[in-house]
Amino acid sequence: MLTCIAISSLAALLLILIAILAVKTAAFKSKQLIVDFKAEYPVDMDAAAGRLSGAVQCPTVSNLDESQVDFEQLARFREYLASSFPLVHSSLDKQVINKHGLLYCWKGSDPAKKPILLLAHQDVVPVTEEGWTHAPFSGAIADGHIWGRGTLDDKDSLMGMLEAVEYLLKDGFGPARSIYMAFGFQEEVGGREGAGKIAEFLKSQGLQFEYVIDEGSVAVQGLVPGITSWVALVGTAEKGYLSLELLTEAGGGHAAWPPHESAVGIVATAVAKLQKQPFPARLAGPAAALFEYLGPEMSFPNKMIFANLWLFRSIVKGKLAAKPGTDALIRTTTAPTMFRGSAQDNVLPVLATAVINFRILPGDTTAGVIARVTEVIGDPRVKVTPLKKLLFEPSPASPTDSWSFGIITKTIREALPATLVAPTLVLTRTDCTYFTGLSACCYRFVPERIPGDELASIHGVNERISIDSYREMINFYIRLMQNSCG
Ligand SMILES: [Zn+2]
């Protein structure tokens, strides 16, 4: 009798559970904006591709060591922009900030409307000559692509924005809301002298922007499990950045009679402890929002799982933790990157150092990371010191229910057909960090489609953009300016 009651109670509980799962899944509705794809503007793509090719041919390579930077190339690039976009340069206010930073303002007719700010950077990362199908600074136009360093990061978006303004000026458009464009330099090594100084200048003018849009994320396909269509990932926050040096001093000496523990061994043990005890995983903020947007677009079993995170959260976290690309969305990551001991194989080190790079999840802080690292190592012989050159707290998260996010989403849906939109957390750092005090709405998205197998060409070999994708990009910026400022 008792067994019968137990079985029927269990069955009732199971039914209730199934009912809750079903109700929550049914209520997990699509967040995709329904808008019609708009016809493209008649942009002269041969000319635009030629201009991007010319931009690639100015090798504006950045370097942490300023003495290694050929600043002449930035001056050349600036002149190239002036000759390529005559209407932009005769109609907009242009300022050069800290020698090479570029700030453009297209004054709107309605001063009551807060301006918008579009960001890109002029510099590119260095190249290795080997492995390129077309020389990295040739700007070759072949096989439906424009080839070379900067075609994806980030000269395409810089040139795309200027193409849009030139087009709109020719078309007689006048913005009601002012449009600013800021192009920093040395972004690839921190950007403090470029975007950092431009942001300081804008703050000194007391400006506030309706929104800021920068690079940091793109449209991808095949990267999100369970989603086959293209997804435009719009970064609503970015992770913080901190490198810590672990240092141990020792007496040095002859390697023939070593101590039980050498300095290298002590630092290696500290590194091993940090790798064994990663920061805890947390599915929250922009990373959680990503699945709120994409979950409803998935097939039934995945949709049910994301609709019922109250039950499946730990399973989802386990799945995400299994791959580096998704693991980085849910925790502060620990990446040992450098190690140094003595200079010769038979010499004991006088000191040993390791450098660990941390990308900090919103909600964590640089101070919190240092405290935890010190605690996990638990060895006073290891000195933990932050490398101050690049140190950034995680950015605040920008809202997804703002007018600005709505305008960007609508523009993506109008300009990039068959593309879903979702907010995301940006894992790398961008110039946008410097502008977070200038707007509550800072988004990181470049409207370029990058197939999964071409993602490695960013900062790698054979960087290239398809002319189709570049055409969509220019269309996106024209439409974005019209939607935001018309
Ligand atoms: Zn970049």
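This report describes two open sheets and one helix in a predicted model.

## Basis

Residue numbers start from 1 along each chain as its sequence is written. The model is predicted, so local features need pLDDT of at least 70 and side-chain atom pairs count only at pLDDT 80 or more, while totals for chains, interfaces and linings use all residues.

Helices (H or I, at least four residues) and strands (E, at least two) are DSSP runs, numbered from the N terminus. Two strands pair if DSSP finds at least two bridges between them.

## Four-stranded sheet

An open sheet is formed by 4 strands in the order 12-14-10-15, with antiparallel pairing. Strand 12 (333-340) and strand 15 (383-386) are the edge strands; each has a single partner strand, so one side of each has no neighbour in the sheet. On average, neighbouring strands of this sheet are turned by 25 degrees against each other, direction ignored.

Strand 10 (residues 240-249) pairs with strand 15 through 4 bridges in the antiparallel sense. Leu244 has Pro386 in strand 15 as its bridge partner.

## Helix across the sheet

Helix 7 (residues 263-276) lies across strands 10, 12 and 14 (the last being 351-360) and runs at about 15 degrees to strand 14. Axes are lines fitted to C-alpha atoms, for helices over the stretch in contact, and angles run from 0 to 180 degrees between N-to-C directions. Contact between two residues requires C-beta atoms, placed from the backbone, within 7 Å.

## Three-stranded sheet

The other open sheet has 3 strands in the order 4-5-19, paired antiparallel. Strand 4 (141-142) and strand 19 (464-466) stand at its edges, each with a single partner strand, so one side of each lacks a neighbour in the sheet.

Strand 4 and strand 5 (residues 145-147) run antiparallel and are joined by 2 bridges. Ala142 lies opposite His145 of strand 5.
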